[in-house]
Amino acid sequence: MGGRVQGQDAGEFITGQDKLHNKTSTRGGRRWLLFVFRMAILGCALVFFALAIRKAERDIRASGVQTSWESIDWMGLLMSVCCGCLALFPACVAWQKILRDFDQRIDWWNSVYAYFLGHFGKYVPGKAMAILLRVSELHRHRVLVKPAIVSVFIETLTSVASGAILGAVFLQFVQVPRWLQLAALAGIPFAFVALIPQPFRWLLRKIASSRLGEMPTSVVEAIDGRLMTRTVCYSWLGWMLHGTSLWFVLRSIVQPGMESYERLNSFNGWVVCGLLLG
């Protein structure tokens with residue numbers, strides 16, 4: 001009788017070990033597939049970046065503009081790269097603060113990684129993948145799915161709306177047709193709709209009724225004017241840095257005989273409008 005009990009215990013132990021091994025193997029396989037998927041996205045992004053560089057080179061040659069490597073201000077280009085990198089961080093910080101207001105805790109480095117991973121997915125394969133990648137990366141670190149989705153929507157829509165307002169203001173200082181300036185001003189009230197808490201609270205109720213997990217009450221209480229104002233200010237800072245980055249580029253490659261633009265507002269206006277249209 002004792003031998004039979006021991007045999008059953010041994011069998012259960014072996015079965016448990018097999019289940020643990022299978023579970024570990026499954027997790028290892030998922031991690032490997034996820035790593036391959038991320039590397040594929042990175043590889044595609046690098047390919048498209050290289051193609052964009054080649055296209056820019058062909059466009060410069062076709063324009064007839066005379067350029068030479070000796071006359072390029074490389075320090076200015078370096079400043080442009082720094083400004084371009086810094087331009088992405090204000091929105092990232094704003095998104096981190098939204099998550100904190102939602103009482104969702106995640107390490108700074110992990111949230112930065114999720115944010116820039118979403119940027120890669122935005123271009124390859126598409127913009128919808130940016131939300132999926134960012135939310136899935138947060139979920140790996142025990143951030144609830146519904147608050148993660150709401151935080152991404154608030155950061156993204158606020159950035160677009162605040163950029164539209166900033167672009168409309170800067171267009172008033174750029175030499176464009178008057179009807180375009182008036183149309184930009186007319187669109188400001190519509191952009192303000194995305195900068196008030198009520199539309200996001202409506203979206204919150206829609207997401208809360210889905211089956212994507214629980215929605216903490218802290219999320220509903222956190223969406224207020226203070227959160228929206230703070231996110232808008234961070235977004236405006238990012239847009240200004242984008243325009244400054246372009247300003248450094250054009251100042252670095254300007255040649256004798258080329259038109260030299262001195263007003264930084266012009267660059268900010270065109271960058272904001274161009275990125276929004278893109």
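For these notes, contact means heavy atoms within 4.5 Å. I am working from a predicted model.

**Entry 1: Arg134**

I began with Arg134, which lies in helix 5, residues 127-140. Setting aside neighbours within four places in sequence, I found Arg134 in contact with Trp95, Ala114, Tyr115, Val152, Glu155 and Thr156. Is Arg134 buried or exposed? Its relative accessible area is 6%, and because buried means under 20%, Arg134 counts as buried. I then looked at how Arg134 is placed against one of these contacts, and noted that Arg134 lies over the face of Trp95, at 4.7 Å from the ring centre.

**Entry 2: the aromatic rings around Trp95**

From Trp95 I turned to the ring pairs, of which the structure holds three. Trp95 and Tyr115 make up one aromatic pair, with 6.2 Å from centre to centre and 40 degrees between the planes, and this pair is tilted. The pair links distant parts of the chain, since Trp95 sits in helix 3 (residues 89-101) and Tyr115 in helix 4 (residues 108-123), 20 residues apart. Both partners came out as buried when I looked up their accessibility: Trp95 has a relative accessible area of 0%, and Tyr115 has 3%.

How are the rings of Tyr115 and Phe116 arranged? Their centres are 5.5 Å apart and their planes stand at 85 degrees, so I recorded this pair as edge-to-face. The cut-off behind that step is that planes over 60 degrees apart count as edge-to-face. Phe116, at 22% relative accessibility, counts as partly exposed, whereas Tyr115 is buried. Which residues form one aromatic cluster? I listed Phe89, Trp95, Tyr115 and Phe116 as its members.

**Entry 3: helix 3 against helix 6**

Since Trp95 belongs to helix 3, I followed that helix to a packing partner. The axes of helix 3 and helix 6 come within 10 Å and cross at roughly 145 degrees, and the crossing is right-handed. On the helix 3 side I noted Ala91, Trp95, Ile98 and Leu99, which meet Ser151, Val152, Ile154 and Glu155 in helix 6. Val152 and Glu155 had already appeared in my entry on Arg134, as contacts of that residue.

**Entry 4: helix 11 and its two crossings**

I next checked helix 6 (residues 145-171) against helix 11 (residues 225-253), and found that their axes come within 9 Å and cross at roughly 60 degrees. Helix 6 and helix 11 are therefore oblique to each other, and helix 6 passes helix 11 in a right-handed crossing. The residues of helix 6 that meet helix 11 include Ile154, Thr158, Ser162, Gly163, Leu166 and Phe170, while those on the helix 11 side include Leu227, Met228, Thr231, Val232, Trp236 and Trp239. Ile154 also has a place in the meeting of helix 3 and helix 6.

What is the orientation of helix 2 relative to helix 11? The axes of helix 2 (residues 74-86) and helix 11 come within 8 Å and cross at roughly 165 degrees. That makes helix 2 roughly antiparallel to helix 11, and helix 2 passes helix 11 in a left-handed crossing. In helix 2, Gly76, Leu77, Met79, Ser80, Cys83, Gly84 and Leu86 meet Leu241, Thr244, Ser245, Phe248, Val249 and Ser252 in helix 11.

**Entry 5: two single residues**

I looked up Phe37, whose place is in helix 1, residues 2-63. Not counting residues up to four places away in sequence, Phe37 touches Met129 and Leu133. At 36% relative accessibility, Phe37 counts as partly exposed.

Leu182 lies in helix 7, residues 178-186, and with a relative accessible area of 45% Leu182 is partly exposed. For the spacing to Leu171 I recorded 11 residues in sequence and 9.4 Å in space, taken from C-alpha to C-alpha.

**Entry 6: the whole chain**

I closed with the totals for the protein. How many helices and strands are there? I counted 12 helices and zero strands, and along the sequence the pattern reads α-α-α-α-α-α-α-α-α-α-α-α. Of the 278 residues, 34% count as buried, among them Trp95, Tyr115 and Arg134. Among contacts between residues at least 6 apart in sequence, 74% join residues at least 24 apart.

Terms used: Residues numbered from 1 in each chain as written. Predicted model: local features only at pLDDT ≥ 70, side-chain atom pairs only at ≥ 80, totals over all residues. Heavy atoms only, no water. Phe/Tyr/Trp six-rings, centres within 6.5 Å; stacked < 30°, edge-to-face > 60°. Helix = DSSP H or I, 4+ residues; strand = E, 2+ residues; numbered from the N terminus. Buried < 20%, exposed > 50% of the residue type's maximum accessible area, 1.4 Å probe, protein only. Lys NZ or Arg CZ within 6 Å of the ring centre and 35° of its normal. Axes fitted to C-alpha atoms, helices over the stretch in contact; angles between N-to-C directions. Parallel < 35°, antiparallel > 145°, perpendicular 65-115°, else oblique. Left-handed = near helix turned anticlockwise from the far one by under 90°.
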